[in-house]
Amino acid sequence: MPRHTLLVHAHPRTDSLTAQVTDLLHARLKDGGSTVDVLDLYAEGFDPVLRPADEPDWENREKSYSPEVHAHMDRILAADDIVVVFPVWWMAPPAVLKGWIDRVWNYGFAYGRSKPRLGGKRMLWLALMGNTEAEIEQLGLSAVLDLQLRVAVSRFCGIEDSSVAIVHGTELSGVPRALRPQRVRELLKSAEESLNGALPR
Ligand SMILES: Cc1cc2nc3c(=O)[nH]c(=O)nc-3n(C[C@H](O)[C@H](O)[C@H](O)COP(=O)(O)O)c2cc1C
């Protein structure tokens, strides 16, 4: 039985480095025999703003949320693996991705049950950031994404097999134009290498 992957992409531009990494991963997942559901949050026009219909009711974990949210929950439930590719903005996921978590990873679905519904899944958060690893370390921010995503989201929702991989130094503005294609190739290689030990395998 082939594995099924939900591949979530959160970048506004189709020619971005993030989009290229998503394409690379998509091809690699398919080569590995997985079926892939690509969720391009911008292209699908996902609304990240949590409104009352999707606000948790702490007294009712069986609450019916909006139809849009239930459709997204079905896509998560159908997946064996969840891979999320995004640029780091202010040391956090972009608002569209944060809103997908706020609205869809909701009470009674992703958490709040003695037996977590998402428990058996595997998850990879693949983040691209402008800063180098040394800069992030100097700022004391090395653990931020791991704590925010692997611990506070995946593990909190019962997904123990989860990791955060980071591609550092994506900022091309300081790189002479003629050297940028080479730099992009290096960054894509670094994205592939960061997958070692994580999904897909
Ligand atoms: C609004 C905004 C906030 C950003 N914040 C950070 C940050 O906190 N740390 C960092 O290293 N890079 C930051 N960056 C740089 C992005 O991570 C970088 O542009 C991205 O990884 C490049 O990939 P792309 O070409 O796919 O956009 C920020 C970029 C934007 C647009």
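**Exercise 1. Which residue stands opposite Val85 in β3?** Then place β1 and β3 among their neighbours.

*Before we start.* You are working with a predicted model, in which local features need pLDDT of at least 70, side-chain atom pairs count only at pLDDT 80 or more, and totals for chains, interfaces and linings use all residues. Residues are numbered from 1 along each chain as its sequence is written, and side-chain values use heavy atoms, leaving out hydrogens and water.

*Solution.*

Step 1. His9 stands opposite Val85 in β3. Strands here are DSSP runs (E, at least two residues), helices likewise (H or I, at least four), numbered from the N terminus.

Step 2. Strand β1 (residues 4–9) pairs with β3 (residues 81–87) in the parallel sense over 5 bridges; pairing takes at least two DSSP bridges.

Step 3. On to β2 (residues 35–40): 6 bridges join this strand to β1, and the two run parallel. Here Val8 stands opposite Leu39.

Step 4. Together with helix α1 (residues 17–31), β1 and β2 make a right-handed β-α-β unit. Right-handed means that, with the strands pointing away from the viewer, the path from the first strand over the helix to the second runs clockwise.

**Exercise 2. Are the residues of β3 buried or exposed?** Follow the chain onward from there.

*Solution.*

Step 1. Buried means under 20% relative accessible area (1.4 Å probe, protein chains only). By that cut-off, 7 of the 7 residues of β3 are buried. For β1, 5 of the 6 residues are buried, so the strand is largely enclosed by the rest of the structure.

Step 2. In a regular strand, side chains alternate between the two faces of the sheet. In β3, Asp81, Val83, Val85 and Pro87 point one way, while Ile82, Val84 and Phe86 point the other way.

Step 3. β3 runs parallel to β4 (residues 122–128), joined by 7 bridges, and Asp81 stands opposite Arg122. The chain crosses from β3 to β4 through helix α3 (residues 95–104) in a right-handed β-α-β crossover.

**Exercise 3. How many residues surround the ligand?** Add its polar contacts.

*Solution.*

Step 1. Counting residues with a heavy atom within 4 Å, 15 surround the ligand, and the closest are His11, Thr18, Val88, Trp90 and Thr170.

Step 2. Polar contacts are pairs of N or O atoms within 3.5 Å. A ligand oxygen is 2.8 Å from an N or O atom in the side chain of Thr170. A ligand oxygen is also 3.2 Å from a polar backbone atom of Leu17, and a ligand nitrogen is 3.2 Å from one of Gly130.

Note on methods:
Polar contact = N/O pair within 3.5 Å; in protein donor to acceptor, adjacent residues only side chain to side chain. Buried < 20%, exposed > 50% of the residue type's maximum accessible area, 1.4 Å probe, protein only.
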